[in-house]
Number of protein chains: 2
Amino acid sequence: MNAELISVGTELLLGNIVNTNANYLSKKCAELGFSLYYQITVGDNEDRLNKVLAESLERSDVIILTGGLGPTEDDMTKEAVAHALHRELIMDEESKARIQSYFDFRKSAAGGSSDITNNNWKQALKIDGSIVVENDNGTAPGYIVEAAYQQEDPNKINKRIILLPGPPSEMKPMFDDHIIPYLRNLQENVLVSKMVKICGIGESKAETMILDMIDGQQNPTIAPYAKCAEVHFRVTALAKSEESAKKLLHPVIEELKKRFGLNIYTMDEEKTLEEVVVALLREKNLTLSSAESCTGGLLAGRIVNVSGASSVFKEGFITYSNEAKQKYLGVSGETLKQFGAVSEQTAYEMAQGTAAATGADITVAVTGIAGPDGGTEEKPVGLVYISCYYKGKVVVKECRMKGNREKIREQSVTKVLDLLRRCLLEA
Amino acid sequence: MNAELISVGTELLLGNIVNTNANYLSKKCAELGFSLYYQITVGDNEDRLNKVLAESLERSDVIILTGGLGPTEDDMTKEAVAHALHRELIMDEESKARIQSYFDFRKSAAGGSSDITNNNWKQALKIDGSIVVENDNGTAPGYIVEAAYQQEDPNKINKRIILLPGPPSEMKPMFDDHIIPYLRNLQENVLVSKMVKICGIGESKAETMILDMIDGQQNPTIAPYAKCAEVHFRVTALAKSEESAKKLLHPVIEELKKRFGLNIYTMDEEKTLEEVVVALLREKNLTLSSAESCTGGLLAGRIVNVSGASSVFKEGFITYSNEAKQKYLGVSGETLKQFGAVSEQTAYEMAQGTAAATGADITVAVTGIAGPDGGTEEKPVGLVYISCYYKGKVVVKECRMKGNREKIREQSVTKVLDLLRRCLLEA
């Protein structure tokens with residue numbers, strides 16, 4: 001079955017709020033096995049909403065609308081759906097009673113300041129024949145409308161229209177608690193997916209490595225996503241049961257493992273690279289320290305963002321100046337003079353010196369030119385040296401990156417985290 | 001003129017990423033004075049993209065597409081636009097040369113591991129007659145296509161189609177630098193706006209302070225934007241010329257200045273709080289050092305992200321453990337024992353100790369509980385102490401914040417930057 005989202009609200013078109021509802025519902029639809037082909041955002045405008053709805057009814061089995069269920073004149077989602085299905089809006093006595101009691105409660109709490117205005121009763125109107133879905137976190141109920149759209153037999157239900165309130169705090173619990181069970185019942189097949197997260201290989205190279213697998217893929221499918229200095233592949237299988245979907249996934253996942261090996265850092269959708277690194281450190285009971293020049297604290301910042309990082313990460317240095325590199329990390333003045341602050345040798349001494357200063361089991365360091373100034377022909381913007389000290393040995397890597405200052409720094413952090421991970425796994 | 005957004009990417013339909021591009025572009029279109037009636041999201045599917053595009057061409061003057069410009073077979077935005085306008089895709093020699101040099105650069109760095117795969121050349125194809133827009137942060141260029149759509153006179157340009165890369169880090173600078181000037185030229189009236197950026201006052205309080213100005217506003221308009229621990233007001237005036245628009249803006253801006261005073265840290269749209277702070281430090285010729293516990297490097301990371309920060313920021317400490325606070329900053333064991341690591345006293349000694357260790361003119365420190373663990377009834381998650389040492393004096397501030405770990409850390413950084421700013425201005 002295919003589904004479609006319609007977000008209603010002029011505030012979305014003006015860019016006043018980010019449409020996180022669309023993201024949330026899309027993810028849920030994918031998990032439920034619905035093919036979502038379109039997300040539409042339209043303003044609080046009757047004519048345009050009617051047009052959009054007519055199109056959606058032509059092409060989609062399930063249409064989920066968010067927003068426009070409030071009490072004001074601008075709110076017209078129910079009106080538009082009723083219009084499209086040639087149905088009436090009728091008073092729902094239960095909704096009416098709920099609104100009455102909601103305002104009674106507020107009135108008693110606020111001392112009479114919350115009178116019901118006429119437009120509040122608008123929220124008690126329902127589309128004839130619809131299922132009213134209670135809103136546990138607000139006054140506007142949701143609705144499920146089943147329709148035999150353009151069918152001769154009125155019992156041949158072919159369209160389901162779901163109306164949800166706009167505020168995410170009302171929409172999400174309503175969807176999870178009441179709509180998911182309803183939608184699950186409509187589905188014959190289950191969709192199961194795995195995310196294979198890769199570091200250390202560029203996007204187009206990674207895709208070329210599995211072109212034969214992507215070409216002519218049917219079930220499972222493989223979809224690539226490029227992240228900053230990472231590539232993710234989502235592998236998705238459709239089957240009658242979760243078990244058979246997993247069986248379909250298995251050989252594809254195994255093949256990806258074979259091809260990408262150590263470059264895969266996780267197959268857990270929710271895990272980040274820094275979480276994987278912190279977990280490895282905890283598992284091995286190791287402490288980590290860092291010394292950062294061009295990334296200036298971003299690396300430590302990402303590590304510390306992992307809850308529980310405090311058990312492995314105790315301290316770090318931001319040594320932006322040559323003096324600080326000498327004072328805290330013991331980088332030799334000779335090295336700085338002969339090779340410069342951005343050099344293999346300095347990166348080497350920074351990692352080594354951090355270990356000496358902190359006594360940490362493993363240390364990382366980064367020095368480079370993030371730009372926009374400071375580049376030369378020999379050492380251009382984007383040249384970054386990263387290093388890792390572990391078990392008495394220092395590994396240094398030279399990286400050359402493109403992008404603005406922020407992007408170069410972000411990529412550098414990812415590359416250091418990946419170097420750290422590899423050192424932990426290989427040593 | 002009306003505009004329409006089409007976001008292309010199956011990852012959006014699967015809910016893997018939030019469509020922040022749509023939000024960004026909607027805001028910009030509103031600022032430019034374009035009426036945006038639709039945002040459409042469609043997957044990497046030729047047939048559906050063609051259909052959507054045909055509809056958009058019927059109803060909108062300017063169509064902005066994001067995504068689908070990459071090197072893979074899934075990327076088909078250029079193909080779809082060419083198809084809709086009955087044009088050819090031709091090789092753009094300049095783009096080809098740029099891609100070649102990008103890979104030469106990478107190859108020389110990586111020792112031959114970054115070969116150009118065939119699909120990379122796809123990015124050098126342009127729609128016949130289009131304007132190629134350089135991408136300063138990636139390999140896929142953007143395009144502006146002017147078309148006389150369904151016009152007898154081929155010179156009667158009535159549609160503008162803008163193609164932009166999907167990654168926000170590439171899309172946003174391209175739009176700001178190259179597309180905004182182009183779009184501005186299409187508009188008859190000028191829209192001039194000023195952004196008043198405020199720190200140290202909550203959103204609802206700030207709005208209440210200017211409720212009388214917002215009520216019944218016509219031209220200029222005042223629109224609030226809540227940021228992490230900041231509030232921005234965009235004041236926008238519409239007029240026939242830039243000069244008259246500026247005249248309309250003037251009294252409103254003056255009134256805002258009067259009401260918010262020192263809480264306004266800039267009225268420059270492009271300036272960030274950290275840029276303002278670094279500029280102040282440079283102006284006063286002062287050096288800065290930092291000591292971070294719960295923010296773990298994020299603060300230094302934000303400061304160092306300002307190009308040219310190296311002249312004022314030389315070094316910083318990440319002292320996540322009590323031991324590190326003692327070793328590097330000289331926080332006394334007695335203080336840690338009696339008051340705890342998250343206390344006014346510890347924050348005081350951290351700032352003072354950082355000054356002693358580094359000799360910097362001004363220092364800042366932060367210690368707190370970012371959660372999700374570690375909170376107690378007395379010291380809940382979100383309790384953060386920030387401090388600033390300047391001219392022999394230490395100022396400590398207690399903050400209580402709401403939100404998840406990441407949000408608490410981000411707010412903390414903003415609050416430290418603001419404290420630093422105030423100390424610099426007030427001392």
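Is A:D176 buried, exposed or partly exposed, and what is its relative accessible area? With a relative accessible area of 28%, A:D176 is partly exposed. The close-ups below start from this residue and move through a predicted model.

**Figure 1. A salt bridge joins helices α6 and α2 of chain A.** Here the side chains of A:D176 and A:K28 come together in a salt bridge, at 3.8 Å from N to O. A:D176 belongs to helix α6 (residues 168–184) and A:K28 to helix α2 (residues 20–32), so the pair links distant parts of the chain, 148 residues apart. A:K28 has a relative accessible area of 19%; the cut-off for buried is under 20%, and A:K28 is therefore buried.

**Figure 2. Helix α3 of chain A and its surroundings.** Let's look at the helix that spans residues 46–59. Its 14 residues, at 1.5 Å a residue, should cover 20 Å, and the end C-alpha atoms are indeed 20 Å apart, so the two values agree. At the N-terminal end, A:N45 acts as a cap, with a side-chain oxygen 3.2 Å from the backbone nitrogen of A:D47. Buried residues in α3(A) are A:R48, A:L49, A:N50, A:V52, A:L53, A:S56 and A:L57. Their cover includes, from chain A, strands β1 (2–8), β2 (35–42), β3 (62–66) and β8 (159–164) and helix α4 (77–84). Chain B takes part in this cover too, through its own β2 (35–42).

**Figure 3. Strand β9 of chain B and its two partners.** Seven of the ten residues in β9(B) (residues 190–199) are buried, so the strand is largely enclosed by the rest of the structure. On the β11(B) side (residues 230–239), ten bridges hold an antiparallel pairing, and B:C199 can be found opposite B:E230. With β12(B) (residues 264–266), β9(B) also pairs in the antiparallel sense, this time over two bridges. There, B:I198 has B:I264 as its bridge partner.

**Figure 4. A:R234 and A:E269 in a salt bridge.** The closest N and O atoms of this pair are 2.8 Å apart. A:R234 sits in strand β11 (residues 230–239) of chain A, while A:E269 is in the loop between β12 (264–266) and α10 (273–284), so the pair ties together parts 35 residues apart in sequence. A:R234 counts as buried, at 8% relative accessibility, whereas A:E269, at 33%, counts as partly exposed. Elsewhere in chain A, a salt-bridge network links A:D212, A:E255, A:K258 and A:R259.

**Figure 5. A salt bridge within helix α15 of chain B.** The side chains of B:D418 and B:R421 meet at 2.9 Å, N to O. Both residues lie in α15(B) (residues 405–426), three residues apart, which is about one turn of the helix. An α-helix has 3.6 residues a turn, so residues three or four places apart point the same way. B:D418 is buried, with a relative accessible area of 6%, and B:R421 is buried as well, at 1%.

**Figure 6. Where chain A meets chain B.** The contact draws on 76 residues of chain A and 73 residues of chain B. Together the chains bury about 6000 Å², with 52% of this area on carbon and sulfur atoms. Between the chains there are 33 residue pairs in polar contact and three salt bridges. A salt bridge can be followed from A:K327 to B:E315, with the closest N and O atoms 3.2 Å apart. Over all chains, the salt bridges come to 37.

Key:
Residues numbered from 1 in each chain as written. Chains lettered and ligands numbered in written order. Predicted model: local features only at pLDDT ≥ 70, side-chain atom pairs only at ≥ 80, totals over all residues. Heavy atoms only, no water. Helix = DSSP H or I, 4+ residues; strand = E, 2+ residues; numbered from the N terminus. Expected span 1.5 Å × (residues − 1). Buried < 20%, exposed > 50% of the residue type's maximum accessible area, 1.4 Å probe, protein only. Contact = heavy atoms within 4.5 Å. Polar contact = N/O pair within 3.5 Å; in protein donor to acceptor, adjacent residues only side chain to side chain. Pairing = 2+ DSSP bridges. Salt bridge = Lys/Arg side-chain N within 4 Å of Asp/Glu carboxyl O. Buried area = accessible area lost by both parts, 1.4 Å probe.
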